[in-house]
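Q: Please take a close look at one part of this model for me. I would like to follow how that part connects to its surroundings.

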Amino acid sequence: MKIVKSILNTGKVVAAIILLNGCTPRFKVAETELSETRSEVNYSNLDSWAAHPSKADLSDSVPQPLRAGFNRDTTVDVFFVHPTSYSEKKLMGWNANITDGDLNEKTDRSSILYQASVFNRYNVYAPRYRQAHIFSYYTKDTVNARMALDLAYEDVKKAFEYFLKFENKGKPLIIASHSQGTTHTKRLLKEFFEGQLLQHQLVAAYIIGIQVEPGYFSELKPCADSIETGCFVTWRTFRRGYEPDYAAAARKSLVTNPLTWTTDTAYAPDTLHRGAVLYKFNEVFPLVNDAQIYKDLLWVSWPDFPGSRLFRRKNYHVGDINLFYMNIRTNIDQRVEAFKRRLSKR
């Protein structure tokens, strides 16, 4: 789950290997008492946002092959919650400090550039938040881990409430997230959308990289196809034939195939793969992999891009979005068009 180094800082193929080499990290807890960052975040301050339409940021970046004819649609908002970038091996605090410049740069040059940019035909809002250290997902100290994740969620919730009150103004809404971000957006969807009027504004939720248990939502349903709205899509990506050694509770998840946008187990060939954006942001690699749902996982073939034969990892968690960059980007437009079409008929 850890992004070992910023993929923007190198143009070498080895960066793609790092990008896709998911691993279980090892941590050393500092001997000093773990510090906590409790001061509340002020979301009226643009510095509290990694991405915001009112400032220039890396979510605005468009891969060079897509720039011709690119134009924005400002009638739709995207609320994106980034994954864990607080992953140093020496754990000094359960929650990140959002004024940490180095950490913010790491977030921006990885998740905001390579993930949030998928959605940038529309207004992208991505809050900084006091994310829980990645150790929270592995420690046996479940009490402190839960407190750390709860604190992170409170920031995400506060940012979303600010966004609704001052920014959204009733526009169609896309919720998007990866990894720890999905841990929080699952809660956000239950609290603000299920059974609420806001559910009628939901184009779709792209909640990726963390299991979404069957029955977790009572009203929100997985999308049945590429144009259904008011629903969610989710997946976790692994090489075909590999099953992660997770606890049984973590092996229960709904899955969407991002090549077909269905939840069946039909095989989707790589001819349906529109393009991945990996170690060079301005290159789009098509036909990289196939995809098929297996149990609670998305299985894919060994990704085919220059230098890909060098890596041996089978967990493609960090590439959950990057591997399907163009398929996601195309599908967002399809759902927005369908949403607007249905809205016009009401």
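A: Happy to! Helices here are DSSP runs of H or I with at least four residues, numbered from the N terminus. The model is a predicted one. Let's start in helix H2, which spans residues 101-114 and holds Thr107. Buried means under 20% relative accessible area, and Thr107 counts as buried because its relative accessibility is 2%. Beyond the neighbours within four places in sequence, Thr107 is in contact with His82, Ser85, Ile112 and Gln131.

H2 also leads us to another helix, since H2 is among the elements that cover the buried residues of H5. Helix H5 runs over residues 325-344; its 20 residues reach 29 Å from first C-alpha to last, close to the expected 28 Å. Its buried residues include Tyr325, Met326, Ile328, Ile332, Val336 and Phe339, along with Arg329 and Arg335. Besides H2, their cover includes strands E6 (173-178), E7 (202-208) and E8 (231-233).

Those strands belong to an open sheet of 6 strands with mixed pairing, in the order E2-E5-E3-E6-E7-E8. Strand E2 (49-51) and E8 stand at the edges with a single partner strand each, so one side of each has no neighbour in the sheet. On average, neighbouring strands are turned by 20° against each other, direction ignored. E7 and E8 run parallel and are joined by 3 bridges, and Ala205 stands opposite Phe232 in E8.

Two helices to look at on this sheet are H3 and H5. Helix H3 (residues 142-168) touches E2, E3, E5 and E6, with its direction at about 165° to that of E3. H5 touches E6, E7 and E8, and its direction makes about 155° with that of E7.

Methods:
Residues are numbered from 1 along each chain as its sequence is written. This is a predicted model: local features need pLDDT of at least 70, side-chain atom pairs count only at pLDDT 80 or more; totals for chains, interfaces and linings use all residues. Side-chain values use heavy atoms; hydrogens and water are left out. Buried means under 20% relative accessible area, exposed over 50%, partly exposed in between (1.4 Å probe, protein chains only). Contact means heavy atoms within 4.5 Å. The expected span of a helix is 1.5 Å times one less than its number of residues. Two strands pair if DSSP finds at least two bridges between them. Axes are lines fitted to C-alpha atoms, for helices over the stretch in contact, and angles run from 0 to 180 degrees between N-to-C directions.
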